[in-house]
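Okay, everyone, thanks for coming. Let me put the model on the screen and then walk you through a few spots in it.

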Amino acid sequence: MSRLRANIKVNGIVQGVGFRPFIHKQIKDLKLSGWIRNTSEGAEIEIEGEEDLIDRFTAELWTKKPFLALIESVDAVKTAELAGYEGFEIVKSKAAPSRNTLISPDVGICEDCLRELRDPKNRRYRYPFINCTNCGPRFTIIKDVPYDRAYTTMAGFKMCPECYGEYTDIENRRYHAEPTCCGDCGPRLIYMDEGGRELPGDPIKNAVRDIKDHKIVAVKGLGGIHLACLFDDEETPARLRRRKQRDEKPFAIMCRDAETAARYCEISAEERAVLESYRRPIVLLKKKRRGSLAQISENDYVGVMLPYTPVHCLLFDEGLDAVIMTSANLSDLPIIYRNEEALEKLSGIADAFLLNDRDIHTRCDDSLLYVVDGREYPLRRSRGYVPFPLTQRGAEGMVLACGAEQKASFSVSKGKYVFQSQHIGDLKNIETFENYEKQIGHFENMFSIKPEKIVCDLHPDYMSTSYAEDRAAREGLQLVRVQHHWAHMASCMADNELDGEVIGIVWDGTGYGTDGTVWGGEFLTGGYEGFARRAALAPIRLPGGDRAVEEIWRIAVSMLKDAGLDPAPYFGEERSALISRMLDVGLNSPVCSSMGRLFDAVSALAGIRELASYEGQGAILLETAAAEGCSESYLYDISEGDMYRFEYRRLLEAITADIAAGEGKDLIAARFMNTMVDMALQICRRIRRDSGLGRVVLSGGSFQNIYMLTRLVPMLEADGFEVYRHSRVSANDEGVSFGQLAIAAKGR
Ligand code: ZN
Ligand code: ZN
Ligand code: FE
């Protein structure tokens, strides 16, 4: 076997992920010699040794890699000319700092650190801020680039000699782990009473004692502050709801481990893997028993996460089993993340505070997802995922996509890399909007992006639209306006890396249509270049506009009336007459074609819910009410004109007949959703016949409905369609910025 020299260029995301020390170890194990350096595209490695070992090393680059690294190509050039390297070294970078520097998401505590945390002989035994190259805070502590301790909120903590020794030793697993610290040199925990007075004693033991004593304790995490308390009684969660002014929205819980979670919920192997992954998202798991845990969630699922910081682990080691762990914020305002802010705004909510002196620079909420058919189905892509880039083949230039409004996110891109922001919230709140602006600046700085194009929604009143308009005018940039449901469709296409043209079923609550009305029950065709509206729900009038979105019974009255049915038996003479008059004179009754509103109306009519205390509640409770194993559906009509319309008159006749016959809400809910699934299939067939298209993408907030999603996909597939759903970004409005970006980067 001959000795050779090889020059290997590795493209992809290999910087800031512990790639060089990792390669160092591989090379040492294989007894090769040479060097590695960072380049603007990735890394360059030069090695010398036996040819078969060089080949093995090159082949293994694809699979054996640090877990955050993303390898896109490996090009090796071999030569017989040896350079006589001895040992292995890391060479200074040739070029300026990489254009593709990755900033890692925050990573849940790793096995090695957890072992040390629990080892009485280790010098970091029970140290609440233990971390290493493979775990710990990242995105949330970075103030500026390059990613270097000096530019993080760890800057104020000077490493002690021992930590510095580990940090500079390439053989050590804390080599260049920027937040490296220990009890001698790092942050410390503080436990305070409700007045902000530091309490003596072990903060962890104190907090566990108080939580077990049914108190509500604020716990500082990675991207913000949580409120923790027990839920084994009715009273504690009720007290938390009262104090937080959160009436009915579900709370997430944190369990000691997957076994503990399995006492409350069903967990598949795939769900368990996601729960235990380094990202540690909240996974929505089906309750073991319908109707159980009503004090935490009014639907069939519970949001569960596992401990992800050393502080969490210490709390559970000290004797907790499962606690509510909910973001500390007031109603819909952004999550609280600073110590002073917590003490001020949570006074009267938290009984005590478990804080620390490591500042959080960037807010980042917990991610939230379902696992459907073994694959992730995100609702909120945030901590653990952001700011890892989403790749997009064929995208060009630098673009800023401003997203929608209620579940706002933005996306910035540089060529094929798209960086979608963390969960931002509802831009109508001034505090949320300020954070949105700040985060856009932060992302552009972190990834050195100077947008050439700005994309926004068609909606003239979205805060994100005015932001885009202002900036485009100020900086002389091209402004691209993208219709809301087209963006949803493109988002699901880009999520699945589809090109060409598809059928898009886009169902959601609201989006501004090209005709100025509210859309939301749409069938589109098209791609990144353009779209056509092929079908929609027949118009629904919303008496009182926004008020009808909260008082959802109004929509039911309006639909019954328009279908020629008398609403009085269901909603009373008085309310029916009031709405009737509004509709007759055309007072503030805009029309929409929204699936969310149709769900609201059916929810109210079936007696499931008349008022929505949070967005989507009517639909969520309808899904929760549905009978299992019911396959019947109602009759309905599809009309043909310039496009297909789903006509609901016969549907309402059938539902009112069911009510008259005394059928249960569970059957009505199931039959209704089965009808929607069937209607989607019938309309897709017609569109396929008209257009020849056979690929279908599913997007929009209504597809957070797992009952519908898991029935529609196999139904369409059985009919020969190729069906695509989200797995990297959310189907709800959080995913809109990703679709807007794809359209601007690839389409126009
Ligand atoms: Zn670690
Ligand atoms: Zn130290
Ligand atoms: Fe939407």
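Let's start with strand β22, residues 502-512. It's mostly covered: of its eleven residues, nine are buried. And just so we're all on the same page, this is a predicted model.

So who does β22 pair with? On one hand there's strand β23, residues 518-526, which runs antiparallel to β22 and is joined to it by eight bridges. If you want a landmark for that pairing, find Trp507, which stands opposite Gly521 in β23. The two strands make a hairpin, with five residues between them. Look at Gly516 in that turn, because I'd like you to see its backbone: phi is positive there, about 85°.

The other partner is strand β29, residues 695-699, and here the pairing with β22 is parallel, over four bridges. The landmark this time is Val506, whose bridge partner in β29 is Ser699.

Now, the metal. Which residues hold the iron ion, ligand 3? There are His484 and His488, both through NE2, plus Asp508 and Asp733, both through OD, at 2.0 to 2.3 Å. Asp508 falls within the residue range of β22, 502-512, so that's our link back to the strand. Along the sequence the spacing of the donors reads H-x3-H-x19-D-x224-D.

Why call the arrangement irregular? The four donor atoms subtend angles of 86 to 167° at the iron ion, and that spread is what makes it irregular. For four donors to count as tetrahedral, all angles would have to lie between 85 and 135 degrees.

The two histidines sit in helix α13, residues 484-495, and because they're four residues apart, about one helical turn separates them. Are they buried or exposed? His484 has 0% relative accessibility, so it counts as buried. His488 is buried as well, also with a relative accessible area of 0%.

Last bit: domains. The assignment puts 389-495 and 732-747 in domain 4, while domain 5 takes 518-527 and 533-724. Their centres, taken over C-alpha atoms, are 30 Å apart. Ten residues from domain 4 and 15 residues from domain 5 make the contact. Together they bury about 1100 Å², with carbon and sulfur atoms giving 63% of that. On the domain 4 side, His485, Met489 and Cys492 supply 46% of the area buried against domain 5, more than any other three residues.

That's my tour, happy to rotate the view if anyone wants another look.

Technical notes:
Residues numbered from 1 in each chain as written. Chains lettered and ligands numbered in written order. Predicted model: local features only at pLDDT ≥ 70, side-chain atom pairs only at ≥ 80, totals over all residues. Heavy atoms only, no water. Donors = N, O, S within 2.8 Å, 3.2 Å for Na, K, Ca; no water. Tetrahedral: all angles 85-135°; square planar, octahedral: opposite > 155°, others 65-115°. Buried < 20%, exposed > 50% of the residue type's maximum accessible area, 1.4 Å probe, protein only. Pairing = 2+ DSSP bridges. Domains from an automatic or database assignment. Contact = heavy atoms within 4.5 Å. Buried area = accessible area lost by both parts, 1.4 Å probe.
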